[in-house]
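Biologist: Could you walk me through this model with a few questions and answers? I have the sequence and the fold open beside me.

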Amino acid sequence: MTQALVIGAGPAGLMAAERLARAGARVMIAEAKPTPARKFLMAGKSGLNLTKDESPEAFLNAYQPDWIRPHVAGFGPEVVMRFARGLGVTLFTGSTGRVFPAEMKASPMLRAWLARLEGLGVTLHTRWRWQGFEGGAFRFDAPDGRQIITPEVAVLALGGASWPRLGSDAAWLPWLAGKGVEITPFRPANMGLCVDWSAHMAPHLGQPVKGTALIVPGQGSRGEFVLSSRGIEGGGVYAIAAAVRDGAPLHLDLLPDLDSESIAHRIGRTPARESLPNRLRKALKLDPVKLALLNEWGRPLPTDPLALARKIKGLPVAHQGPRPLAEAISSAGGIAAAALTEGLELKALPGVFVAGEMLDWEAPTGGYLLTGCLATGAAAGAAAAARLFPAQSAD
């Protein structure tokens, strides 16, 4: 009999383990990969955006659906920053409010965290791959052969269905569904969009697109994005990707700081005898990438200055839908809210709690994803500890 079992050694699982250990539980973590937190380390290669320092209202509004927000509110940006500093990590906040370690790496933070967990008595077993249930126990393939673990409480933090090569392969889905756990189908989130480029775009592929706005009804993104051979991707796209995935039309505003009338006036002042590309370059300072996109998605271009200005302000983006789930930064879908208690315990499996991207929630990049995983890990770990030690939680 194991007192507390955590399956998955990503941020959500490690946070759940810490909460349990600090409550006095003997905690064992089982991780399928040879090393823990591989997705966390991969995220750290681009600087490790821990959270975003902004107002509580703005921060919580980034999360969907609404049911996840109370959990995030209990472990928001201030708590994340305090947690990181407690591990000896020096932080800085960028101009957009994004919070990063000063070293711009994940590995020092992870090493400090694992050392702290070891000091709390947490044991970590790597290459232990969960293989489903055996009666009321958990069955693993491990280096020493099959292992059967019967915990008093368990926290599942196995990730969603994005980046399967790093461990989030959703292999757990049929085992939980077979126990009556309601699952919302997985969909890509924070993903690029497929575009079937014409040949004239080849010289521009790999180039960033700056100073534009991607627009869906009720929402816009001024973030930079990149033209790739497969389509468009990057932070600017990820911010509106969920709406596009769900069917919203997408337009590109090539000059978001000017209105249509100002653009038309500038075009109208250029000599009509010159070619249209020259007029646009001179009047509007459109760079080659923006001109290429205007030709790619805007032909036939209107000759009337106001009609052309409106096209520049609302260029329809011709895309073929989201990139595949395996390429997405994160996933939407997973264990439905209806399958959970307020403490993230599975109704169908009392004593089993869930955290992280296994749950049906989504948020954009920019610190929200990692905060959400830490927050749900903390909530699930605290609830599991309360089940183990009800008298302690009552106090």
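Modeller: Happily; this is a predicted model, and we can take the strands, then a helix pair, then an annotated region.

Biologist: How many of the five residues of strand β2 (residues 27-31) are buried?

Modeller: Val-27, Ile-29 and Glu-31 point one way from β2, and all are buried. Met-28 and Ala-30 point the other way and are buried too. For β2, then, the number of buried residues is five of five.

Biologist: Which residue of β2 does Leu-5 stand opposite?

Modeller: Strand β1 (residues 2-7) pairs with β2 in the parallel sense, over four bridges. Across from Leu-5 in β2 stands Met-28.

Biologist: Are helices α5 and α6 roughly parallel or roughly perpendicular to each other?

Modeller: The axes of α5 (residues 77-86) and α6 (residues 107-119) come within 10 Å and cross at roughly 80°. Angles of 65 to 115 degrees count as roughly perpendicular. Therefore α5 and α6 are roughly perpendicular.

Biologist: Nice! How many nonpolar residues does the contact of α5 with α6 have?

Modeller: On the α5 side, the contact is made by Phe-83, Ala-84 and Gly-86. Met-109, Trp-113 and Arg-116 contribute from α6. By class, one residue is polar, one is charged, and the nonpolar ones number four.

Biologist: How far apart are the end C-alpha atoms of residues 187-330?

Modeller: In an unreviewed UniProt entry, this stretch is annotated as "domain: RsdA/BaiN/AoA(So)-like insert". Over residues 187-330 the chain is 34% helix and 19% strand. The distance between its end C-alpha atoms is 9 Å.

Key. Residues numbered from 1 in each chain as written. Predicted model: local features only at pLDDT ≥ 70, side-chain atom pairs only at ≥ 80, totals over all residues. Heavy atoms only, no water. UniProt positions renumbered as here; feature names shortened; annotations may be inferred. Helix = DSSP H or I, 4+ residues; strand = E, 2+ residues; numbered from the N terminus. Axes fitted to C-alpha atoms, helices over the stretch in contact; angles between N-to-C directions. Parallel < 35°, antiparallel > 145°, perpendicular 65-115°, else oblique. Contact = heavy atoms within 4.5 Å. Nonpolar A, V, L, I, M, F, W, Y, C, P; charged D, E, K, R; others polar. Buried < 20%, exposed > 50% of the residue type's maximum accessible area, 1.4 Å probe, protein only. Pairing = 2+ DSSP bridges.
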